[in-house]
Amino acid sequence: MTTRPPPRGGPKGRKPPSGKFPPYGERARTGPRTSARDAAERAARNRGDDAGARDPWTAPGTPHAVAAAAAAAAAAKPRPRPARAERDDAAPPRKAPPRPSARPAAKAYAKPVESRPAAQPSPPAAPAGPTRREQRAAASATLASGVQTLTVEADEAGMRIDRFLTARFPLLPFTRVQSIVRKGELRVDGKRAKPNDRLEPGMSVRVPPLRLDQPTERPRSAAREQDDAEFIRSLILYEDADMMVLNKPFGLAVQGGSGTVRHVDGLLAALTGPDGQKPRLVHRLDKDTAGCLIVAKTRLAAATLAKSFRSRAARKIYWALTAGVPRVRQGRVSTYLAKDEPTDADARMRVAKHGDEGASHALTYYAMVDQAAQKLSWLSFKPVTGRTHQLRAHAAHIGHPIVGDPKYFSVENWELPGGIQNRLHLLARRIVIPHPRTGRPVDVSAPLPQHMAQSWNLLGFDASRYDPIVEAPES
């Protein structure tokens, strides 16, 4: 015997005239059936809770949702729940007409919404945080108070840990900053940090108790500030609203150190603007290396230019006078370099092996532009990486050290030709870097310093001669 399935639709299998069933809120209930929703609503009313607030099936704003919220508010206990009251006050539902229903409880859905608890006063707005100048002043004032925990701000993203401390503690010598980082006294998110580690917003930097030496130099006078500003401006090769390129002279240190009083970083303080923004160094040159030095005028420009150096988007060309003439006129030097004394910031670099402690890969392209009497060469370098003393160490590694280099020049039975000064003959000749705001390349070249210009004239080198290093690869 085959059982036929029951007819679908309304009576006698007919569908509603509209071709679809009426929505849930408009359909009259015809029997004493008890659904899960009805049971939940009754249980909520008995315990004074709002079941509609936890109902995942009812979309907010529908008539049924509004009526359910009104019924729950009317039956709620006199003590409202603070979190839910704030949410109801934030979006008050509109009054909805009662839906047709055969159940007596339907009258509760039509009760007015005015019975809801009164709105709670909104909390006062949080006060604005301290400015950058106030943060620096507070950090300097509490420098000797003990252990401190600093939080990295959004505009400090990508900063080196040593630059971060120098910016937060302007009175702290840079050598002291490097010392506490090297000794492991500094913690970033609970871990030891290296001086070249980069920071991200929200990181926690734990600073140990610090002590400042008593200031020994006299307060800076207005006349000295003006002299320093004029001296720095006399070195400018390129300048706009975001950056400038200086022609750093031979013998002027870029940053302070042991026994170093006059340096570029200190002189830049004379160019501090009315808003307290001091020009910032983007990269460094050795004290005896002359040439192009980029300085950022704003923190945003400094971060952008620093990223260009890290991503190797900046192109640099150096000129040097070296001993001897290389047999290969154009070549590539790829080694690993490590410090002889890891604790000394200005220690001599040595060629190391891959895997040695502190060893970093260094890559340099070179090309010989001219030579004199098979004794001296004019070499042009294009460094791909930016390691400490990279060009000086690589020039010595290929057997042609730079003339006047006190650390790496070690050629036996070699005498300095007459008329050539015993100074480091290394020039940061040219730099090409994307502009921090427009992205267009900024191409700046520096002239020969006085002692190198004298050597070029003596040897008959033409500084306008074509430089073949521009054809060297970029990586």
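Here are some short exercises, each with a worked solution, on a predicted model.

**Exercise 1. How do two helices meet?**

Task: Find at what angle the axes of helix α6 and helix α7 cross, and decide whether the two helices are parallel or oblique to each other.

Solution:
- Start by locating the helices: α6 covers residues 161–168 and α7 covers residues 174–182.
- Next, look at their axes, which come within 10 Å and cross at roughly 130°.
- Now classify the angle. Angles over 145 degrees count as roughly antiparallel and 65 to 115 as roughly perpendicular. The angle here belongs to neither range, and α6 and α7 are therefore oblique to each other.
- Finally, note the hand of the crossing of α6 and α7: it is right-handed.

**Exercise 2. Who makes the contact?**

Task: Name the residues with which α6 and α7 touch, and sort them by character.

Solution:
- From α6, take I161, D162, R163, L165 and T166.
- From α7, add F174, V177, I180 and V181.
- Sort the residues of this contact, and you get six nonpolar, one polar and two charged.

**Exercise 3. What is hidden in α7?**

Task: List the buried residues of α7, then take a closer look at S179.

Solution:
- The buried residues of α7 are F174, V177, Q178, S179, I180 and V181.
- Ask what lies over them: the cover includes α6.
- Zoom in on S179, which sits in helix α7. Its relative accessible area is 17%. Buried means under 20%, so S179 is buried.
- Look for a partner further along the chain: P195 is 16 residues away from S179, and their C-alpha atoms are separated by 9.4 Å.
- Step just past the end of α7 to find G184, which has a positive phi of about 80°.

**Exercise 4. In what order do the strands lie?**

Task: Work out the strand order of the open sheet of four strands, and find its edges.

Solution:
- Reading across the sheet, the order is β1-β4-β2-β3, and the pairing is antiparallel.
- The edge strands are β1 (148–151) and β3 (191–192), since each pairs on one side only.
- Inside the sheet, β2 (residues 187–188) and β4 (residues 204–207) pair in the antiparallel sense over two bridges.
- To see this pairing in the structure, find R187 and look opposite, to R206 in β4.

**Exercise 5. A strand between partners**

Task: Decide whether strand β9 is largely enclosed, and find its pairing strands.

Solution:
- Count the buried residues of β9 (residues 315–323): eight of the nine are buried, so the strand is largely enclosed by the rest of the structure.
- One partner is β14 (residues 426–434), which runs antiparallel to β9 and is joined to it by six bridges. Here A320 stands opposite L426.
- Another partner is β13 (residues 376–383), again antiparallel and over six bridges. Here T322 has S377 as its bridge partner.

**Exercise 6. Two positive phi values**

Task: Compare where D189 and A373 lie, and say whether each is exposed or partly exposed.

Solution:
- Begin with a rule of thumb: most residues other than glycine have a negative phi.
- D189 has a positive phi near 55°, and so has A373, near 55°.
- D189 is in the loop between β2 and β3, whereas A373 lies in the loop between β12 (360–372) and β13.
- With a relative accessible area of 44%, D189 is partly exposed. A373, at 75% relative accessibility, counts as exposed.

Definitions and conventions
Residues numbered from 1 in each chain as written. Predicted model: local features only at pLDDT ≥ 70, side-chain atom pairs only at ≥ 80, totals over all residues. Heavy atoms only, no water. Axes fitted to C-alpha atoms, helices over the stretch in contact; angles between N-to-C directions. Parallel < 35°, antiparallel > 145°, perpendicular 65-115°, else oblique. Left-handed = near helix turned anticlockwise from the far one by under 90°. Contact = heavy atoms within 4.5 Å. Nonpolar A, V, L, I, M, F, W, Y, C, P; charged D, E, K, R; others polar. Pairing = 2+ DSSP bridges. Buried < 20%, exposed > 50% of the residue type's maximum accessible area, 1.4 Å probe, protein only.
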